[in-house]
Amino acid sequence: MTQFAYLFERFPSFGQTFCYREVAELARQGMTPPIFSIRKPRDEPPQDWDKRVVERVHYLPEEKELLDEVHRASQKQKITREVIAALDEWGRRTDFLRLYQAVYIGLRLQRMGITHIHSHFAGMAARTAFWIQKFFGISFSFTAHANDIFAPRDFEIGLNKLVDAARAVVTETDYAKKFLQERFPDRADKIYRIYNGLNLAEFRRADFSSASPTIIAVGRLIDKKGFTDLIHACRSLVERGKSFRCEIFGEGPLEEKLRRQIEELKLQNCVELPGPKPQHEIKRYLAAGTVFVLPSVIDPEGGMDNLPTVVMEAMATGLPVVSTAIGGIPEMVIDNETGFLVSAGDADGLADAIEKVIVDLSLAKKLGQAGHGRAETLFSIQKNVCSFLALFDANLA
């Protein structure tokens, strides 16, 4: 097995549980690669992270300490003249800290005898890994997720240069793999699909025993999650005389806008924004739910969901899922088999789909059972981490 290290922008993070699960499963399988994180998570809801994983994380210093350390390394001739020249030439141009972070990490990887580094997202961590390869000859790969490929930010070391330089590029759906291969046809053979995973045994199964149907939604309160459509759908369900409760868990910049929408539509008695919750509480709320809804849309900048972890978690719980045919969601939710897919932005269609399952619990249970079976087949963390390791063995030896 090739010796490798991880590099994250922020780890472990509440919004990136899929990264934590991958690292934790590797540890369960007896592999503990070094973990570097550019930033420390701050102001996040408390989570049930395994302390043994968190204690392995090496957090990079803040800017002044980082620059001082690289300067000392230069004085002691620990870095080559070519690296020093690159630092001088780049100066204080945009993203200059990535070069210094690369020196900081690269020196440590050399001492450890690490020959490869893997990052998540085609963002800050991958750009740092790009410079680690340039400066130290340590190869890199990265896992691309959603906005980092569908709506990438404009950096001099952009997605094209990352894909070109990486030893391998992993993405999490067939949809995203095809998207990248069509954009970079001459690098198509280095692009792979490996689904994210989770431990299904951690999720208690839904029993559909709630006195009133409960609609569960989880996600950042941002445009691409489509929660305004869900709230409009709830208004439609009320007008149809349906009794239910809708809980939308999460935080984000649209919180006040969504609260005003709930008030304007007079839904305060049935739609709630409880805020973000730790994973163990989300699991409990899912198990008490009747249907999970994620009405994803494409946001004005082109950002969209790819393989939403929360859909996977709902399927592991045995809930039917109502969502939209955005990104890789149709690879998760099979229409009329594990839930329902509606057109993005169609609040009335959303209401129709939700109504089907909240008025027919036998249908809800049937769809949820099929979803659980699909999650076992596609989203087992044990299987998918083995695929990840097999990719390393095949391409990085």
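**Exercise 1.** State how many residues of β1 are buried, and trace its pairing with neighbouring strands.

Solution. Step 1: strands are DSSP runs of E with at least two residues, and helices are runs of H or I with at least four, both numbered from the N terminus. Step 2: buried means under 20% relative accessible area, exposed over 50%, and partly exposed in between, with a 1.4 Å probe and protein chains only. On that scale, five of the seven residues of β1 are buried, and the strand is mostly covered. Step 3: the model is predicted, and local features need pLDDT of at least 70, side-chain atom pairs count only at pLDDT 80 or more, and totals for chains, interfaces and linings use all residues. Residues are numbered from 1 along each chain as its sequence is written, and side-chain values use heavy atoms, with hydrogens and water left out.

Step 4: two strands pair if DSSP finds at least two bridges between them. β1 (residues 4-10) runs parallel to β2 (residues 35-39), and four bridges join them; Arg10 has Arg39 of β2 as its bridge partner. With β4, β1 also pairs in the parallel sense, over four bridges, and there Leu7 has Ser119 as its bridge partner. Step 5: from β1 the chain crosses through α1 to β2, a right-handed β-α-β crossover. Right-handed means that, with the strands pointing away from the viewer, the path from the first strand over the helix to the second runs clockwise.

**Exercise 2.** Give the strand order of the open sheet of seven strands, and find which strands stand at the edges.

Solution. Step 1: the order is β3-β2-β1-β4-β5-β6-β7, with parallel pairing. Step 2: β3 (57-59) and β7 (191-193) each have a single partner strand, so one side of each is left without a neighbour in the sheet. Step 3: neighbouring strands are turned by 25° against each other on average, direction ignored. Step 4: helix α1 (residues 17-28) lies across β1, β2 and β4 (116-120), at about 155° to β1. Helix α9 (residues 174-183) lies across β6 (168-171) and β7, at about 170° to β7. Axes are lines fitted to C-alpha atoms, for helices over the stretch in contact, and angles run from 0 to 180 degrees between N-to-C directions.

**Exercise 3.** Describe how α1 and α17 cross, and which residues make the contact.

Solution. Step 1: the axes of α1 and α17 (residues 381-395) come within 10 Å and cross at roughly 85°. Step 2: the two helices are therefore roughly perpendicular, a label for angles of 65 to 115 degrees, whereas under 35 counts as roughly parallel, over 145 as roughly antiparallel and the rest as oblique. Step 3: contact means heavy atoms within 4.5 Å. α1 contributes Arg21, Glu22, Glu25, Leu26 and Arg28, and α17 contributes Ile381, Gln382, Val385, Phe388 and Leu389.

**Exercise 4.** Determine whether Leu66 is buried or exposed, and list its contacts beyond four places in sequence.

Solution. Step 1: Leu66 belongs to helix α3 (residues 63-75). Step 2: its relative accessible area is 1%, so Leu66 is buried. Step 3: leaving aside neighbours within four places in sequence, Leu66 contacts Pro61, Leu97, Tyr100, Gln101 and Tyr104. Step 4: Leu66 and Gln101 are 35 residues apart along the chain, and their C-alpha atoms are separated by 7.3 Å.
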